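Trainee: I have a model open and I'd like to learn how to read it feature by feature. Can we go through it together?

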Amino acid sequence: MGMFSIREPRRIEHKYIYYDERKEKLKKIEEKAKRELGLSEDTFDPENIRGKFIEGTKHLKRRKQSGSKSIPLPVAIVLIVALLMLWVYLRRGM
């Protein structure tokens, strides 16, 4: 059934020009040794990345420095609806 077979494309074997396998192997061995001895500083710590987005933006940095808290959106919506209902009640009552 050669007529109905699906041919797969040839695999690409890309060889890098400026790649040194020996250097990569040495680097991996050094990193492994540092991890085993506890000298590695590459351990993931979420405290290191906390707040990095805020530091990158001016308006968020100002908000954090001022310490002002904004009203949550659902509370603001309920407050606006309550004030509108009070206004309508007072207009009809008078």
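Trainee: Let's start with a side chain. Is glutamate 8 buried or exposed?

Mentor: The general idea is a cut-off on relative accessible area: buried is under 20%, exposed is over 50%, and partly exposed lies in between (1.4 Å probe, protein chains only). Here glutamate 8 counts as exposed, at 61% relative accessibility. Before we go on, two notes on the source. This is a predicted model, where local features need pLDDT of at least 70 and side-chain atom pairs count only at pLDDT 80 or more, while totals for chains, interfaces and linings use all residues. Residues are numbered from 1 along each chain as its sequence is written, and side-chain values use heavy atoms, with hydrogens and water left out.

Trainee: Which residue forms a salt bridge with glutamate 8?

Mentor: For a salt bridge, look for a side-chain nitrogen of Lys or Arg within 4 Å of a carboxyl oxygen of Asp or Glu. In this case the partner is arginine 11, and the closest N and O atoms are 3.7 Å apart. Arginine 11 is exposed as well, at 74%.

Trainee: How many salt bridges does that rule give?

Mentor: The count is 2. Lysine 15 pairs with glutamate 13, with 3.9 Å between the closest N and O atoms. Lysine 15 has a relative accessible area of 63%, so it is exposed, and glutamate 13, at 67%, is exposed too.

Trainee: Where does the helical part come in, and how many helices are there?

Mentor: Helices are DSSP runs of H or I with at least four residues, strands are runs of E with at least two, and both are numbered from the N terminus. This protein has 5 helices and 0 strands, so the order from the N terminus is simply α-α-α-α-α. Serine 5 sits in the segment before α1 (21–37), and so does tyrosine 18. Serine 5 is partly exposed, at 47%, whereas tyrosine 18 is exposed, at 81%.

Trainee: How far apart in space are serine 5 and leucine 37?

Mentor: Their C-alpha atoms are 55 Å apart, with their positions 32 residues apart in sequence. Try tyrosine 18 and alanine 76 too: they are 58 residues apart along the chain, and their C-alpha atoms are separated by 60 Å.

Trainee: What radius of gyration does the protein have?

Mentor: Take it over C-alpha atoms and set it against the globule rule, 2.2 Å times the number of residues to the power 0.38. A compact globule of 94 residues would come out near 12 Å, but this protein has 32 Å. The C-alpha box along the principal axes is roughly 90 × 60 × 25 Å, and buried residues make up 2% of the 94.

Trainee: Which residues form the nonpolar patch on the surface?

Mentor: Patch members have over 30% relative accessible area and no salt bridge; nonpolar side chains (Val, Leu, Ile, Met, Phe, Trp, Tyr) are joined within 5 Å, like charges within 9 Å. Here they are Leu79, Leu83, Leu86, Tyr89 and Leu90, with about 530 Å² of accessible area together (Shrake-Rupley method, 1.4 Å probe, only the protein chains shown counting as cover). Leucine 90 belongs to helix α5 (residues 73–93) and is partly exposed, at 43%.

Trainee: Which element has the lowest mean pLDDT?

Mentor: pLDDT is the predictor's confidence in each residue, from 0 to 100. Helix α2 (residues 46–49) has the lowest mean, 72, and α5 the highest, 93. Over the protein the mean is 83, and 90% of residues reach 70 or more. Where pLDDT is low, the predicted coordinates should not be read in detail.
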